Amino acid sequence: MVAPAICCISATCGSPMMKHAWDNYKRYAWGLNELKPISKQGHSSNLFGNIQGATIVDALDTLYIMEMKEEFKEAKEWVEKNLDFNVNAEISVFEVNIRFVGGLLSAYYLSGEEIFRKKAVELGEKLLPAFNTPTGIPWALLNIKSGIGRNWPWASGGSSILAEFGTLHLEFIHLSHLSGNLLFAEKVMNIRKVLNRLDKPEGLYPNYLNPSSGQWGQHHVSIGGLGDSFYEYLLKAWLMSGKTDEEGRKMYYDAVQAIETHLIRKSSGGLTYIAEWKGGLLEHKMGHLTCFAGGMFALGADGAPNDKTGHHIELGAEIARTCHESYDRTSMKLGPEAFRFDGGVEAIATRQNEKYYILRPEVIETYMYMWRLTHDPKYRQWGWEAVEALEKYCRVDGGYSGIRDVYNNHQSHDDVQQSFFLSETLKYLYLLFSEDDLLPFEHWVFNTEAHPLPVLHKDDGNKEENQK
């Protein structure tokens, strides 16, 4: 069963899924942020304010990697003529950074087209006022015309969120590299200074930090939503620096040590999971977002201190298995938004508001890393199960839609084709069934939206300067 999967996805199936998603976006929502595939019209999320074209920018590198040349060309033309950041609108700094800045940077590095570099730097400059806080910890929301920032009203005591301010590093280092403006790098290095001065409860990083006082908000720790990509970027900052960023490396492995001690648990059925920590008490639930951590542990295994390489790979494999179980225990073989290990259930969502699937990539991302790092065929097998489930339950005439309840055989669609489905889910599937020399890990690091950025070596700086 695996053999047809390999030829099918990398040669034909990966692109047909992408083609179906892209063609329908183009037909019904061209130039808008996302597609409503059932209603066959555009969908706008308030995360991007009035900036338009999220799906186009997010999909650029996927189109390029899959050699969808015509589609890439029309996407590039749209960016040249229509991608406009001069809007009076409040945006999510984090979302705009990972999707738009990340997407433009990656498209530039893959294609060499100057327009993408120019737009990435222009947008990066518009994000800089977010750092105008007493500590330099950026606001979550920014009006990119007025430069006025604020935080989410629901965040603990006016705090910024760990995963949001901790997921700017890769892109901002590249913005400095491509523009010669060191301010981008200085802003993200300062975030580390603030974090390193603070006491960490049990060595853990709470999800909330007040940008005015520089103190933690409530002591809630999660490797899923609100925390996740902070840890990922510590590891990837070290990898992207050609393994010279010792500060990033130390922060990552120290954090993993604390996570192992305080958050990683084994269920009575033998499934390893990562719990959430609330003021010292554990909540035995794991989010779909947390499933990226299997791939992270495996990716970081090679640099693990004290001969722990094998242990980190094993940890990655255990998380991958648990996340596969969360898929396997549903009717649709697609995983819920969150699943629990309490009250006699294991890897199952028990609350109605956690049973949905919005085309998320994290489980497939972990399969891709585990495949590349171990070549155990079960990861391709599991990826193929996900392809079949996506085709059976999420594919509709007008694209791909999320599902409201993965335990119910009668699918109820949420009518959104998320931009990250094209950027991440389909790209990770394609890479899972491709040869290892397509975007090899020694040369490329993926941002948290699956946008590949090149590893920077000490002598790279001059090369870029000379190209201009």
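**Close-up views of a predicted model**

**View 1. H288, a buried residue in a loop.** With a relative accessible area of 1%, H288 is buried, and this view, like the others here, comes from a predicted model. H288 sits in the loop that links β13 (285–287) to α11 (292–299). Look for Y327: its side chain and that of H288 are joined by a polar contact of 2.7 Å. Leaving aside neighbours within four places in sequence, the residues in contact with H288 include G335, P336, E337 and A338. Y357, R360, P361, E362 and V363 are also among the contacts of H288.

**View 2. An open sheet of three strands.** Here the strands follow the order β3-β4-β5, and their pairing is antiparallel. The edges belong to β3 (90–92) and β5 (149–150); each has a single partner strand, so one side of each has no neighbour in the sheet. As a reminder for newcomers, strands of a sheet pair through backbone hydrogen bonds, either parallel or antiparallel. Between β3 and β4 (residues 141–143), the antiparallel pairing runs over three bridges. To find one place where the two strands meet, start at S92, whose bridge partner in β4 is L141. Helix α4 (residues 93–111) lies across β3 and β4, and the helix runs at about 65° to β3.

**View 3. L127 and its surroundings.** L127 belongs to helix α5 (residues 114–127). Its relative accessible area is 0%, so L127 counts as buried. Which residues is L127 in contact with, leaving aside its neighbours within four places in sequence? They are I91, V93, V96, N97, V101, L142, I144 and F172. For a sense of scale, try finding N408 as well: L127 and N408 are 281 residues apart in sequence, and their C-alpha atoms are 42 Å apart in space.

**View 4. Helix α9 and the residues beside it.** The 13 residues of α9 (residues 228–240) should span 18 Å at 1.5 Å a residue, and the end C-alpha atoms are indeed 18 Å apart, so the two values agree. The helix is mostly covered, with 13 of its 13 residues buried. In the loop between β8 (220–221) and α9 you will meet L226. This residue has a positive phi of about 80° although it is not a glycine, and at a relative accessible area of 24% L226 is partly exposed. Just after α9 comes G242, with a positive phi of about 70°.

**View 5. T448, a residue with an annotation.** In an unreviewed UniProt entry, the annotation "binding site" covers T448. This residue lies in the loop between β17 (444–446) and β18 (452–454). Is T448 buried or exposed? Its relative accessibility is 15%, under the 20% cut-off, so T448 counts as buried. Not counting residues up to four places away in sequence, T448 touches I98, T167, S229, E232, Y233 and E424. One of these, E232, makes a polar contact through its side chain with the side chain of T448, at 2.8 Å.

**View 6. K40, in a loop between two strands.** K40 is found in the loop between β1 (34–36) and β2 (41–43). What is the phi of K40? The angle is positive, about 60°, although K40 is not a glycine. With a relative accessible area of 34%, K40 is partly exposed.

Key
Residues numbered from 1 in each chain as written. Heavy atoms only, no water. Pairing = 2+ DSSP bridges. Helix = DSSP H or I, 4+ residues; strand = E, 2+ residues; numbered from the N terminus. Contact = heavy atoms within 4.5 Å. Axes fitted to C-alpha atoms, helices over the stretch in contact; angles between N-to-C directions. Expected span 1.5 Å × (residues − 1). Buried < 20%, exposed > 50% of the residue type's maximum accessible area, 1.4 Å probe, protein only. UniProt positions renumbered as here; feature names shortened; annotations may be inferred. Polar contact = N/O pair within 3.5 Å; in protein donor to acceptor, adjacent residues only side chain to side chain.
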